[in-house]
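Subject: Structure handover

Hello,

Here is the structure for you to look over. My notes follow below it.

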Amino acid sequence: MDPGPDLEEQKKLIVPFMQRAQEIQNADPKVAYYCRLYAVDLMLCHVAYASSNLSRSISTPCLALKFQQRAKEINGLVMAALAALEKVSKMTGA
């Protein structure tokens with residue numbers, strides 16, 4: 001089963017932010033929240049950019065990495081990050 005050519009590139013893009021979020025969750029939950037938010041934003045932005053006509057008209061939105069779709073493994077990470085973000089939002093009333 002081929003994981004797809006972009007899997008490693010996608011992992012390199014968001015995994016460091018997800019790891020930092022996990023590492024600092026207890027020490028600084030607010031920074032952990034923003035690490036997760038940034039990772040999710042990167043993946044959503046890159047996929048939307050690549051699948052739109054913007055890729056032809058705008059030179060560098062979102063670091064300009066162009067993924068045609070997220071790898072299944074990355075979808076799992078994004079969904080876990082979104083769940084963690086939602087949990088924090090509900091706890092803080094934001």
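**Overall fold**

Along the sequence, the pattern reads α-α-α-α. That makes four helices and zero strands in the protein. Please keep in mind that this is a predicted model.

The protein has 94 residues, and 29% of them count as buried. Its exposed surface comes to about 6,300 Å². Carbon and sulfur atoms supply 58% of that area. I also looked at contacts between residues with a separation of 6 or more. Pairs 24 or more positions apart account for 56% of these.

**The core**

Which residues have the most contacts inside the largest nonpolar core? They are Leu13, Ile14, Val40, Met43, Ile74 and Val78. The core has 14 residues in total. Three elements give two or more residues to it: α1 (7–24), α2 (29–51) and α4 (72–92). The most come from α2, which gives five. As background, nonpolar side chains in soluble globular proteins tend to be buried together.

Val40 is a good place to start. This residue sits in helix α2. Is Val40 buried or exposed? The relative accessible area of Val40 is 4%, so Val40 is buried, the cut-off being under 20%. Setting aside residues up to four places away in sequence, Val40 touches Val78, Ala81, Leu82 and Leu85.

The pair Val40 and Val78 deserves a look on screen. These two are 38 residues apart along the chain. Their C-alpha atoms are separated by 5.7 Å. From its own side, Val78 touches Ile14, Val40, Met43 and Arg70, with residues up to four places away in sequence again not counted. Ile14, Val40 and Met43 are also among the core residues with the most contacts.

**Two partly exposed residues**

Asp41 is also worth a check. Asp41 is found in helix α2. Its relative accessible area is 44%, so Asp41 is partly exposed, falling between the 20% and 50% cut-offs. Asp41 and Ile14 are 27 residues apart along the chain. Their C-alpha atoms are separated by 9.5 Å.

Where is Gln25 found? It lies in the loop between α1 and α2. Gln25 counts as partly exposed because its relative accessibility is 25%. Leaving aside neighbours within four places in sequence, Gln25 is in contact with Ala32 and Arg36. Gln25 and Cys35 are ten residues apart along the chain. The C-alpha atoms of Gln25 and Cys35 are separated by 9.9 Å.

**The second largest pocket**

Rolling a probe the size of a water molecule over the atoms shows where empty space is left. The second largest pocket holds about 180 Å³ of space. Ten residues line it, and the closest to its centre are Tyr33, Val88, Ser89, Met91 and Thr92. The elements giving two or more residues to this lining are α2 and α4. The most come from α4, with five residues.

What kinds of residue make up the lining of the second largest pocket? It divides into five nonpolar, three polar and two charged residues.

**Where to look**

For the core, open the view on Val40 and Val78, whose C-alpha atoms are separated by 5.7 Å. For the second largest pocket, go to Tyr33, Val88, Ser89, Met91 and Thr92, the lining residues closest to its centre.

Best wishes

Note on methods: Residues are numbered from 1 along each chain as its sequence is written. This is a predicted model: local features need pLDDT of at least 70, side-chain atom pairs count only at pLDDT 80 or more; totals for chains, interfaces and linings use all residues. Side-chain values use heavy atoms; hydrogens and water are left out. A nonpolar core is a set of buried Ala, Val, Leu, Ile, Met, Phe, Trp, Tyr and Cys residues joined through side-chain atoms within 4.5 Å. Buried means under 20% relative accessible area, exposed over 50%, partly exposed in between (1.4 Å probe, protein chains only). Contact means heavy atoms within 4.5 Å. Accessible areas come from the Shrake-Rupley method with a 1.4 Å probe; for residues, only the protein chains shown count as cover. On a 1 Å grid over the protein atoms alone, a cavity is a set of points where a 1.4 Å probe fits but cannot get out, and a pocket is an open set with protein on both sides within 12 Å along at least five of seven lines; lining residues have an atom within 4 Å of a point. Grid points are joined across faces, edges and corners, and a volume is the space filled by probe spheres set on the points. Ala, Val, Leu, Ile, Met, Phe, Trp, Tyr, Cys and Pro count as nonpolar, Asp, Glu, Lys and Arg as charged, and the others, Gly among them, as polar.
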